[in-house]
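Colleague: Before we begin, could you put the model on the screen, so that we can go through one part of it together?

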Amino acid sequence: MVLHITPYSSACLHFLDGLSWSLVFPCYWLLDRMLASCIPTSLEKRQRSLDPCSFLTLCALISAPLYLTLFLASLPFALLGFIIWAPVQAVRQPYLYTYQRIEKHQAEQSQGGQAGTGYGEWRPQGRSFCFCSANVCLLPDSLARFNNLSDTQRRAMEVGRRIRNGASRPQIKIYIDSPTNTSISATSFSSLATGFRRTSSLDQRPDQTHTTNGPAETETEPLTECPIHSTGATDCPAHSCAGVQRSTECPVHHEKTPDCPMHSSVTQSCPVHHDCPKHGDEMQSNPTVDCPLHTSGVQISISAPEPDPQEEEAETGNHRPGDQVCVDTGSMTASRESLTRYHGSDGGAYIASNNTLSHVPRTSIFKRPGRKRRHGDETFDHEISAFFPANLDFLALQEVFDHGATTRLRRQLHRYFPYVLSDIGRYGWKGCCSRFKFLNSGLLLASRYPILDARYECYPNGRSEDALAAKGVIFAKVHVGTSHQDQRVVGYITCTHLHAIEGDASVRCEQLDLLLQWGAEFRQTTSQSPEGEKVLEDLVAFDVILGDLNFDNCSSEDKLEQQHALFTQYKDPCRLGPGEDKPWALGTLLDPSGLYDEDFSSPESLQKLMENEEGRKEYLVFPPSKSQCPASGHKGRKIPLKGNGRRIDYILYSDEGMQPDWKLDIEEFSFVTQLAGLTDHLSVAIRLAVSNGEEEA
């Protein structure tokens, strides 16, 4: 199937669409601004209450009549444009596929993080893939204000920046070589420092072998070079070169501090390690595992995609490659604006800005305890993260309705994702039902892997205001590798947004039935070989559904959806059974009234709120039912609550259709707060590891 790279098949239709929209747009924009001036956000109400005669109030009083006058004047032109625009939509393509060629260093990044290993080569040990779903509420400004959000165009650009900055940050993994302790404790890692290196998106455990740009080496191999300098620097206190005068400066801090374990010269014993190159052999009697100069059974692995050269120049200013850049990873302002590329967890880090895959100098990095946890017998990590997962492979967005916002968001995402499906859906009367569609589906799908095929379907049973949008589902088939037998390794991704009106459980169940039916047809159609050609059967690596399903697994009113057959064919990592989530599962629907609170405005502060039970009660929306999760949906409630809020954003996966000896495991699941202040949903992310049972030669 040919992917649609233009909205129309001919230049004439494209011209008519542009002409009609140029006539309609002034009226549309004036109507949007007029309604927006009458629907203030809670922030605007607060500002006006502090100063009733403020400039904002004066502007609203003046602009509303002006907008109305210009709106009435533009109506005749809008009517003429609409007469041209509506029939043209009948032949409009259901989606727009865009591909942006990336530079060589970015191509290496998007091909798994290893030089010389592209998506076309399927590694014997398998590969991991990271998926993320987010409802970004990019409606026309007047409609977004009903969710207490404004300035859709600005939010679209900021959403794109935060997503690509979060996905471009280094991926940090900590492995502990200990027979008794497999967790990261505050005691043993309060001052952990070690070397780091780049890895692919699938990082092997210490007992396995990992290859970067040379011979394989084990992850637990102790450092044989300076963990602070890549070469034997003469001023490094960690080198023991004879005849070289050692520097008295701390290799971590640029000046001596009394509490630094790296230069405790006033003590008679090394407080860090029994065989420290700084203190010699004088303290072999007091071994510890917290030496900043040795791994001591602990390995921190960091992988980072290559930065955009233009952005790197803009972000680093006068810094040149090779300079040491100090990144304050505890800064909260970085997330509010544009996150620094190397934003780690809670500590500070000195990281070299020379980001080449061929040579990465060893660098010391202090890292405080992570927030990843495992609950009970859980086999994977789960966390509430202030950042999107590093090395994000696939992104599914919902409610990207506004055309201008779609263009801005797509431009930002293309700096990280080469392949994007956007402007998905139908307008006018074409497609799903007799109701006129003023908005498209609002879906967007971005990928770091080539998209082979795509198909959009519109749900025909929308009701009320939901029927004004072409809500539906987009199916995509992506190429993630090629086996040694020249078989394509592919994955199936489904992105959807279900009916939103409360109480319409039967409508959502019908849509889920259609989703399963259309998905089976898409997989069957795309797996068939062209007539007259002999092609090896594709190997399926994963089948994932992402999206806003508009029901939770806690409300008694959603029992019908909770028992749907979807959950027998696909697995929900957060679910124990119908009506029961796992204890660590978190609601994803935020209370819009708190979007502009100080404790809510940044990713880090929202992360802290979500980690706290009282914060969840204050800022999450809970089910209205009192039978299982009694709650009020309003902020500032005093009623004791059960559960962790309404989880309506899902990532489901299935291992059906895979090869018998292939295995699909969850590595980690995340609730992401990086879009704090930009939307009324939390994002969800999952990393899946696909292994085929083969051993690397």
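Colleague: In what order do the five strands of the open sheet lie?

Modeller: This is a predicted model, in which local features need pLDDT of at least 70, side-chain atom pairs count only at pLDDT 80 or more, and totals for chains, interfaces and linings use all residues. Residues are numbered from 1 along each chain as its sequence is written, and side-chain values use heavy atoms, with hydrogens and water left out. Strands here are DSSP runs of E with at least two residues, numbered from the N terminus, and two of them pair if DSSP finds at least two bridges between them. The pairing in this sheet is mixed, and the order is β15-β16-β17-β18-β21.

Colleague: Which strand holds H497, and is H497 buried or exposed?

Modeller: H497 belongs to strand β17, which covers residues 488–497. Buried means under 20% relative accessible area and exposed over 50%, with partly exposed in between (1.4 Å probe, protein chains only). Because its relative accessible area is 1%, H497 counts as buried.

Colleague: With which side chains does the side chain of H497 make polar contacts?

Modeller: A polar contact is a pair of N or O atoms within 3.5 Å; within protein, one must be able to donate a hydrogen and the other to accept it, and residues adjacent in sequence count only if both atoms are side-chain atoms. The side chain of H497 has one such contact of 3.4 Å with that of D548, and another, also listed at 3.4 Å, with that of N550.

Colleague: In which sense do β17 and β18 pair?

Modeller: Strand β18 spans residues 539–548, and T496 stands opposite G547 in β18. Over nine bridges, β17 and β18 pair in the sense called parallel.

Terms used
Helix = DSSP H or I, 4+ residues; strand = E, 2+ residues; numbered from the N terminus.
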